[in-house]
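This report describes the salt bridges, the sheet, the nonpolar cores and two buried residues of one protein chain. Please keep the sequence and the structure in view while reading.

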Amino acid sequence: MPPTRALYGEPGFGIWQGNFRDILVDRRANALISDFIARKIRERVRDPAVAEKLIPKHHGFGTRRVPLETRYYEVYNQPNVELVDINETPIERITPTGIKTSDAEYEFDLIIYATGFDAITGSFDRIDIRGIEGRRLKDEWRDGPQTFLGILVEGFPNMLMVMGPHAGLGNFPRAAEYSVEWVTGLVRFARDRGLTRIEATPAGVAQWTDHVRGLGEGLLMNEIDSWMTGVNHNVEGKQTRKIMRYTGGHPTFRAHCDAVAADGYRELTLA
């Protein structure tokens, strides 16, 4: 059903995830919602110059993660808050008392470092995961992750990922619960039959990876540099966009996984 008018006064994810779906695939629709958001930011932030800094200029609304906010923009109206754009005045160094930019020095009691996310494959890259014949997972995923259901990787037997790349996207605690249950069912299936080796097939991985990439085509968010497309300019080798996430919806993802289980996991190599 179309979103209600009340939705537009709701902070956070409501206006993003409960909106008309074309805002994430149609450029004209996205331009309309982006203009609407810009006007609302200008209403909420008193200083026009600050408001303009807070309005995204290089991506449309929803193509990057939006603030899960409660009066976030009103904070910039407080006299004790100053917004510094480090694109205009880059940070030069950390000092004993704070931070020095190219045009000023700021004193702080506390500095919180938030330099970006090496998300989705970052945690896997930080472990030297080796498969058959010493194959390194990081090397296998150099051009983007390749998985079966976001859970298994060909050439890495008995490695079962919970919420790995290409798994069903959703609220993580709830989405991860399903993956845990599916993996538990697979392990129980193998144990009950005396099996000790579980592995994805090349064909299964190729089919699922192509399916995930096909679903991601046409989504405006996959045309933007962000942690959701595997880009982090602070991390070596993470400067190229890739389709990293399954975007077919969690109910459909579950249906795929349930079908594999119901068929006795015959799409896997079991021994």
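## Salt bridges

A salt bridge is counted here when a side-chain nitrogen of Lys or Arg lies within 4 Å of a carboxyl oxygen of Asp or Glu. By this rule, the predicted model contains 20 salt bridges. Side chains of opposite charge can pair when their charged atoms come close.

One of these pairs is formed by Arg-27 and Glu-223, with a distance of 3.0 Å from N to O. Arg-27 belongs to helix α2 (residues 27–44), whereas Glu-223 is placed in the loop between α7 and α8, so the pair ties together parts that are 196 residues apart in sequence. Arg-27 counts as exposed, at 57% relative accessibility, while Glu-223 counts as partly exposed, at 34%.

A further salt bridge joins the side chains of Glu-52 and Lys-57 at 3.8 Å, N to O. Glu-52 has a relative accessibility of 30% and therefore counts as partly exposed. Glu-92 forms a salt bridge with Lys-100, and their closest N and O atoms are 3.1 Å apart. Glu-92 is also partly exposed, because its relative accessible area is 46%, and partly exposed residues fall between the limits of 20% and 50%. In addition, salt bridges with shared partners connect Asp-128, Arg-130, Arg-136, Asp-139 and Arg-142 into one network.

## The sheet

Three strands make up an open sheet, in the order β1-β2-β3, with antiparallel pairing. Its edge strands are β1 (91–95) and β3 (105–107), each of which pairs on one side only. On average, and with direction ignored, neighbouring strands of this sheet are turned by 20° against each other.

β1 and β2 (residues 98–101) are paired over four bridges in the antiparallel sense, and they form a hairpin with two residues between them. Within this pairing, Gly-98 in β2 is the bridge partner of Thr-95. β2 and β3 are paired over three bridges, again in the antiparallel sense. These two strands form a hairpin with three residues between them, and Tyr-106 in β3 is the bridge partner of Ile-99.

## Nonpolar cores

Which residues have the most contacts inside the largest nonpolar core? They are Phe-148, Leu-149, Leu-152 and Trp-182, in a core of 22 residues. At least two residues of this core are supplied by each of α6 (172–192), β4 (198–200), α7 (202–216) and α8 (250–262). The largest share, six residues, comes from α6.

When neighbours within four places in sequence are left aside, Phe-148 is in contact with Ala-200, Gly-204, Val-205, Trp-208, Val-260, Glu-267 and Leu-268. Apart from the largest core lies another core of 20 residues, including Leu-24, Leu-54, Val-66 and Leu-219.

## Two buried residues

Is His-250 buried or exposed? His-250, which lies in helix α8, is buried because its relative accessible area is 12%, and the limit for a buried residue is under 20%. Beyond its neighbours within four places in sequence, His-250 is in contact with Gly-168, Leu-169, Ala-175 and Tyr-178. His-250 and Gly-168 are 82 residues apart along the chain, yet their C-alpha atoms are separated by 5.1 Å.

Asn-232 has its place in the loop between α7 and α8. Its relative accessible area is 8%, so Asn-232 is buried as well. The side chain of Asn-232 reaches the backbone nitrogen of Asn-234 at 2.8 Å.

Note on methods
Residues numbered from 1 in each chain as written. Predicted model: local features only at pLDDT ≥ 70, side-chain atom pairs only at ≥ 80, totals over all residues. Heavy atoms only, no water. Core = buried A, V, L, I, M, F, W, Y, C linked by side-chain atoms within 4.5 Å. Buried < 20%, exposed > 50% of the residue type's maximum accessible area, 1.4 Å probe, protein only. Contact = heavy atoms within 4.5 Å. Pairing = 2+ DSSP bridges. Axes fitted to C-alpha atoms, helices over the stretch in contact; angles between N-to-C directions. Polar contact = N/O pair within 3.5 Å; in protein donor to acceptor, adjacent residues only side chain to side chain.
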